[in-house]
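These are my notebook entries on one structure. I record what I looked up, entry by entry, beginning with the pocket and its lining.

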Amino acid sequence: MGKQLVVLVSGSGSNLQALLDHDELGGAIGRVVADRPDAGGLDRARSRGVEAVSVAPGDHPDRPAWEATLGEAVAEAAPDLVVLAGFMRILSPAFVHRWPLMNVHPSLLPAFPGARAVTDALRWGVKVSGCTVHFVDEEVDHGPIVAQEAVPVHDEDTPETLHARIQAVEHRLLPHCVALYCRDRLSIDGRHVRILP
Ligand code: GRF
């Protein structure tokens, strides 16, 4: 039987779209959860018949209450893997230990963690950036790396043009990594992720 997936989104959901469009993911996206009701990913999910719900921090008295509701929304779909596809909030250690989580980040980690990775890379003057797919641990943009791919930085790049070039790679790399997970082909040993034959 295929794996059950839950995808968390905050933004446009183009990475979610890449997952939805992938023919051989080896798993089913049972639910999409956003932290804001206007996240584009919610519509993308619904238009493909995938249940999509929003759990907004503003509707909760505090962070723990928000995360508890988020956890319920995820748990109801009983995922084998939770995919963070542009989910822009930090999750507590308790949450990240509840399920395996996979994140996509628009830099070659450990360079440029955080929410402004593309701008930070441009400001630094790097000639190469890229994207990283990694498992999530207690620290931000820190867990064991599944795959990375480099993307050239051009002199005339703006954050928008560089991010678009990186996202084109993300849309291939994230589904590839999720598909490997769904086929039980990822083995984690400390910081090292091995791809099994
Ligand atoms: C991606 O570039 C991802 O690396 C970052 O947020 C962006 C989300 O884009 N974490 P989208 O919502 O998938 O279009």
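**Entry 1: lining of the largest pocket.** I classified the lining residues of the largest pocket and obtained 16 nonpolar, 15 polar and 8 charged. The model I am working from is predicted. For the space in this pocket I noted about 800 Å³. Its lining comprises 39 residues, and I recorded G86, F87, M88, N103 and V104 as the closest to the pocket centre.

**Entry 2: elements behind the lining.** I then asked which elements each supply at least two residues of this lining. I listed α1 (14-21), β5 (101-105), α5 (117-124), β6 (128-135) and α6 (159-182). The most comes from α6, which gives 5 residues to the lining of the largest pocket.

**Entry 3: location of the ligand.** Where does the ligand sit? I found the ligand in the largest pocket. Around the ligand I listed G11, S12, G13, S14, N15, G86, V104, H105, P106, H163, Q167 and E170. Of these, G86 and V104 also appear in my list of residues closest to the pocket centre.

**Entry 4: make-up of the shell.** I sorted the shell around the ligand by class and counted 2 nonpolar, 9 polar and 1 charged residues. At least two shell residues come from each of α1, β5 and α6. I noted that α6 gives the most to this shell, with 3 residues.

**Entry 5: polar contacts of the ligand.** I looked up the distances between the ligand and individual residues. For S14, a side-chain N or O atom is 2.5 Å from an oxygen atom of the ligand. For H163, a side-chain N or O atom is 2.6 Å from an oxygen atom of the ligand. V104 enters through its backbone: one of its N or O atoms lies 3.2 Å from a nitrogen atom of the ligand. I also noted the area of the ligand, which exposes 360 Å² when taken alone, and the protein buries 90% of that.

**Entry 6: backbone geometry.** I turned to the peptide bonds and recorded a cis bond joining L109 and P110, with omega about 15 degrees. I placed P110 in the loop between β5 and α5. Both of those elements are on my list for the pocket lining. Which sign does phi take at A78? I found phi to be positive there, about 45 degrees, although A78 is not a glycine. I located A78 in the loop between α3 (63-75) and β4 (81-84).

Methods: Residues numbered from 1 in each chain as written. Predicted model: local features only at pLDDT ≥ 70, side-chain atom pairs only at ≥ 80, totals over all residues. Heavy atoms only, no water. 1 Å grid on protein atoms, 1.4 Å probe; cavity = no way out; pocket = protein on both sides within 12 Å on 5 of 7 lines; lining within 4 Å. Points joined across faces, edges and corners; volume = space filled by probe spheres on them. Helix = DSSP H or I, 4+ residues; strand = E, 2+ residues; numbered from the N terminus. Nonpolar A, V, L, I, M, F, W, Y, C, P; charged D, E, K, R; others polar. Near = heavy atom within 4 Å. Polar contact = N/O pair within 3.5 Å; in protein donor to acceptor, adjacent residues only side chain to side chain. Areas by Shrake-Rupley, 256 points an atom, 1.4 Å probe, with all protein chains shown as cover. Sits in = over half its atoms within 2 Å of the grid points.
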